[in-house]
Amino acid sequence: MTNFVKNAWYVAGWSTEIDDELRRFTILGDNVVMFRKSDGAVAALEDRCPHRLLPLSKGKRIGDTVQCGYHGLTFDCSGACVRVPGQTNLPKSAYVISYPIVEKHGIVWIWMGDPEKADEAQVFDMPEFSDPAWAAHHGDALHLKSNYLNVAENLVDPAHVSFVHPTTLGNAASENVPVHVQTEGEAIVAWRWIRDAEPIGFFKAFGGFSGNVDRWHYYYLYTPCTAVIDFGSIETEKKCAEEDRGEGVRIFALHFMTPVTETYTIDRWMHLRNTATDDAEAAERMDTMFRKAFDEDKEILEAVQEEEMRPQTRRPIRIAIDKGPLVYRKRINELLELERTEDLAADPSPAFVYHD
């Protein structure tokens with residue numbers, strides 16, 4: 001049984017990844033062909049002709065339709081078949097799935113579930129995207145040979161930073177600082193403050209700090225696959241209250257996880273910053289440090305995935321810092337059960353019926 005929540009918005013790609021060409025993307029184990037229509041909007045169709053199952057991405061565009069490269073069946077952007085060469089009647093079963101798409105802030109979102117439930121208002125957004133006091137910068141697409149659940153759990157886990165990222169996003173000063181977790185509300189939140197400590201490498205490079213700082217990490221995880229990490233630093237002598245951290249050097253690292261298969265995830269990451277907002281070179285230097293840190297995550301997560309796929313004689317233990325990840329798994333399971341129940345209610349008939 002798949003562990004993918006279907007009725008949710010997922011990032012299909014950066015806007016720059018999709019152009020006039022037919023391009024295949026795999027999302028939640030399903031293959032999708034995407035392209036930009038003549039008006040610039042993104043079309044997304046099931047990448048499989050219902051006749052002989054050739055991927056439509058191996059066909060060609062004819063205006064805003066897609067022609068299968070095997071026998072020429074042609075489909076419009078709604079998924080309807082508009083031509084079957086050699087015959088005038090169009091079989092009712094000659095169609096492909098068309099997926100709802102929303103594009104905003106240079107990000108293309110796709111809905112893989114019931115299209116009747118696709119609400120554009122549920123697409124993730126933050127006021128900082130449109131605030132001139134903040135700069136937004138797209139990073140990369142990190143390809144991970146790991147189940148998305150492990151990737152997401154890593155993004156609601158401040159405790160790993162001291163050990164996995166000691167030269168970039170963490171240092172030894174935070175090793176024994178407790179992590180607080182809040183599980184009420186839309187997002188699961190894990191956070192901690194490290195007071196009167198040496199700045200980490202990231203803020204040595206971009207904060208201009210010469211003395212000790214107070215620094216924070218707030219990890220927000222939205223089901224199923226969006227994470228926001230609010231982190232920053234401010235001079236210790238300013239005695240900054242938690243709610244006033246906007247007065248410091250503050251970064252939002254955004255992670256949009258796209259489950260590709262059960263063991264493969266793409267993490268598209270970007271950042272919003274309130275420092276060096278007009279400095280493109282600063283953004284590129286930040287990317288260099290982020291890449292180093294995220295490559296460290298990649299090594300850890302892929303090693304964990306390999307071990308999970310090997311036989312195990314006992315279940316992994318859980319410790320205090322696992323509260324956020326455990327609640328996340330619980331929420332995912334509840335959403336999966338809800339979808340399964342709704343599917344059964346909509347179609348209670350058995351999958352196979354024998355007729356004499």
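This is a short talk on one protein structure, going from the whole chain down to a few single residues.

Hi everyone, and thanks for coming. Before anything else: what you see above is a predicted model. Let me start with the overall picture. The protein has 356 residues, and 48% of them are buried. Along the principal axes, its C-alpha atoms fill a box of roughly 80 × 50 × 35 Å. On the secondary structure side, we have 5 helices and 17 strands. If you like contact maps, here is a number for you: taking contacts between residues at least 6 apart in sequence, 60% join residues at least 24 apart.

Now, the domains. The domain assignment gives us domain 1, residues 9–120, and domain 2, residues 125–336. Their C-alpha centres are 34 Å apart. Domain 1 puts 15 residues into the contact, and domain 2 puts in 18 residues. How much area do domain 1 and domain 2 bury between them? The figure is about 1300 Å², with 63% of it on carbon and sulfur atoms. Looking at the domain 1 side, the residues that lose the most area to domain 2 are Tyr10, Trp14 and His105, which together account for 48% of what that side buries.

Let's move on to the sheet. Seven strands, or 7 if you are reading the slide, form an open sheet with antiparallel pairing, and the order is 11-17-16-15-14-13-12. Strand 11 (135–144) and strand 12 (180–182) each have a single partner strand, so they stand at the edges with one side lacking a neighbour in the sheet. From one strand to the next, the twist averages 15°.

Let me walk through some of the pairs. Strand 13, residues 187–197, is joined to strand 14 by 9 bridges, running antiparallel. In that pair, alanine 197 sits opposite valine 213 of strand 14. Strand 14 itself covers residues 213–222 and is mostly covered, with 8 of its 10 residues buried. On to its pairing with strand 15: these two are antiparallel as well, with 10 bridges between them. Strand 14 and strand 15 make a hairpin, with 3 residues between them. Here tyrosine 220 is the residue opposite valine 228 in strand 15.

Further along, strand 16 (residues 249–261) and strand 17 (residues 264–273) pair over 10 bridges, again in the antiparallel sense. Phenylalanine 252 faces leucine 272 of strand 17 there. And what packs on the sheet? That would be helix 4, residues 280–308, which touches strand 11, strand 15 (226–235), strand 16 and strand 17. The direction of helix 4 makes about 25° with that of strand 11.

Helix 4 leads us nicely to the nonpolar cores. The largest one has 54 residues, and Ile110, Phe202 and Phe290 have the most contacts inside it. Helix 4 supplies the largest share of this core, 6 residues. Where does this core lie? Both domain 1 (9–120) and domain 2 (125–336) give residues to it, so the core lies between them. There is also a second, separate core of 18 residues, and its members include Trp14, Ile107, Trp134 and Val228. You have met two of those names already: Trp14 at the domain contact, and Val228 across from tyrosine 220.

Let me zoom in on isoleucine 110. Beyond its neighbours within four places in sequence, its contacts include Trp9, Tyr10, Ile27, Val32, Tyr99 and Ile101.

To finish, two loop residues. Is glutamate 247 buried or exposed? With a relative accessible area of 60%, glutamate 247 is exposed, because the cut-off for that is over 50%. Glutamate 247 belongs to the loop between strand 15 and strand 16. From glutamate 247 to isoleucine 234, the C-alpha to C-alpha distance is 7.6 Å, with the two 13 residues apart in sequence.

Threonine 275, in the loop between strand 17 and helix 4, goes the other way. Its relative accessibility is 16%, so threonine 275 counts as buried, the limit being under 20%. Leaving out its neighbours within four places in sequence, threonine 275 is in contact with Phe206, Val249, Ile251 and Met286.

That's my tour. Thanks for listening, and I'm happy to take questions.

Conventions
Residues numbered from 1 in each chain as written. Predicted model: local features only at pLDDT ≥ 70, side-chain atom pairs only at ≥ 80, totals over all residues. Heavy atoms only, no water. Pairing = 2+ DSSP bridges. Helix = DSSP H or I, 4+ residues; strand = E, 2+ residues; numbered from the N terminus. Axes fitted to C-alpha atoms, helices over the stretch in contact; angles between N-to-C directions. Contact = heavy atoms within 4.5 Å. Core = buried A, V, L, I, M, F, W, Y, C linked by side-chain atoms within 4.5 Å. Buried < 20%, exposed > 50% of the residue type's maximum accessible area, 1.4 Å probe, protein only. Domains from an automatic or database assignment. Buried area = accessible area lost by both parts, 1.4 Å probe.
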